Amino acid sequence: MVTTTPLEERLLELAGSVPDPELPVLTLRELGVVRAVRAHGTDSVEVDLTPTYTGCPAVEVMSLDIERVLRENGVREVTVRTVLAPAWSTDDITDEGRRKLREFGIAPPRTGAASGPVRVGLGPTRTREGGRPADGPEPVRCPHCGSAETELLSRFSSTACKALRRCLACREPFDHFKEL
């Protein structure tokens, strides 16, 4: 078991407070991408950052923002390491992060949907309450009205990690953060 010092806990809090550059409604802590902070003395720190997917273009901006925040708080030397294992999963998003996504109009990823390899399939594009197979995922709910009756418009939206859906009840389009 790894123990953290009070200084490392404070630095982790600071690094985690950085807004995500693609979803600024979330902090990096709420997104679950800041994994660890190791202090080397009082003026040198190493931060482990796990991208949402390998090759994520936002990693560079996240790293620079973490460095800036920590330097503004007295840390002279900051190293941000990209760590790919264990891989990030949408299950790493905190409950607070899921709540913020919903309030921002983005359907959060369904919990527990990812276990093992990510299954790729061309399933139905509409979801309905009670209309899913027993072993299938929960329906994607509209973040505006809560309806489970939604349809997929595009597998990709403003970023690769989101899909574009429309609610069949209120007719509003919305992003859905895909499960990984």
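**Warm-up**

Which residue just after helix 4 takes a positive phi? Gly105 does, with a phi of about 95°.

Before the exercises, some ground rules. This is a predicted model, in which local features need pLDDT of at least 70 and side-chain atom pairs count only at pLDDT 80 or more, while totals for chains, interfaces and linings use all residues. Residues are numbered from 1 along each chain as its sequence is written, and side-chain values use heavy atoms, with hydrogens and water left out.

**Exercise 1. Find where the confidence of the model is lowest and where it is highest.**

Step 1. Start with the score: pLDDT is the predictor's confidence in each residue, from 0 to 100. The protein chain has an average of 88, and 85% of the residues reach at least 70.

Step 2. Now go by element. Helices (H or I, at least four residues) and strands (E, at least two) are DSSP runs, numbered from the N terminus. Confidence is lowest in strand 5 (residues 126–127), with a mean of 61, and highest in helix 2 (residues 28–31), with 98.

**Exercise 2. Work out how helix 4 (residues 95–103) places its buried residues.**

Step 1. Set the cut-offs: buried means under 20% relative accessible area, exposed over 50%, and partly exposed in between (1.4 Å probe, protein chains only).

Step 2. Pick out the buried residues of helix 4: Gly97, Arg98, Lys100 and Leu101. They lie on the same side of helix 4, because they cover an arc of only 165° around the axis; the arc is that of the directions from the helix axis to the C-beta atoms.

Step 3. Turn to the other side of helix 4, where Asp95 and Glu103 are exposed.

Step 4. Look for packing partners, with contact meaning heavy atoms within 4.5 Å. The buried residues of helix 4 pack against helix 2, strand 4 (106–107) and strand 8 (173–177).

**Exercise 3. Describe the open sheet of three strands and what lies across it.**

Step 1. Two strands pair if DSSP finds at least two bridges between them. The strand order of this open sheet is 1-2-3, and its pairing is mixed. Strand 1 (34–39) and strand 3 (77–82) are the edge strands, each pairing on one side only.

Step 2. For the twist, axes are lines fitted to C-alpha atoms, for helices over the stretch in contact, and angles run from 0 to 180 degrees between N-to-C directions. On average, neighbouring strands of this sheet are turned by 20° against each other, direction ignored.

Step 3. Strand 2 and strand 3 run parallel and are joined by six bridges; Val47 stands opposite Val80 in strand 3.

Step 4. Ser44 lies in strand 2 (residues 44–49) and is buried, with a relative accessible area of 14%. Not counting residues up to four places away in sequence, Ser44 touches Arg38, Ala39, Val75 and Glu77.

Step 5. Add helix 1 (residues 6–16), which lies across strand 1 and strand 2 and runs at about 140° to strand 1.

**Exercise 4. Trace the surroundings of strand 8, including the segment after it.**

Step 1. Strand 8 is largely enclosed by the rest of the structure, because four of its five residues are buried.

Step 2. Strand 8 pairs with strand 4 in the parallel sense over two bridges, with His176 as the bridge partner of Ala107. Strand 7 (162–167) runs antiparallel to strand 8, joined by five bridges; here Lys162 stands opposite Phe177.

Step 3. In the segment after strand 8 comes Glu179, which counts as buried at 15% relative accessibility. For its partners, a polar contact is a pair of N or O atoms within 3.5 Å; within protein, one must be able to donate a hydrogen and the other to accept it, and residues adjacent in sequence count only if both atoms are side-chain atoms. The side chain of Glu179 makes such a contact with the side chain of His176 (3.1 Å). A polar atom of the Glu179 side chain also lies 2.6 Å from the backbone nitrogen of Arg110.

**Exercise 5. Spot the backbone features that depart from the general pattern.**

Step 1. Recall the background: most residues other than glycine have a negative phi, and most peptide bonds are trans.

Step 2. In the hairpin of strand 7 and strand 8, with five residues between the strands, Arg171 takes a positive phi near 70°. Arg171 counts as partly exposed, at 48% relative accessibility.

Step 3. Ala85 and Pro86 are joined by a cis peptide bond, with omega about 0°. Pro86 lies in the loop between strand 3 and helix 4.
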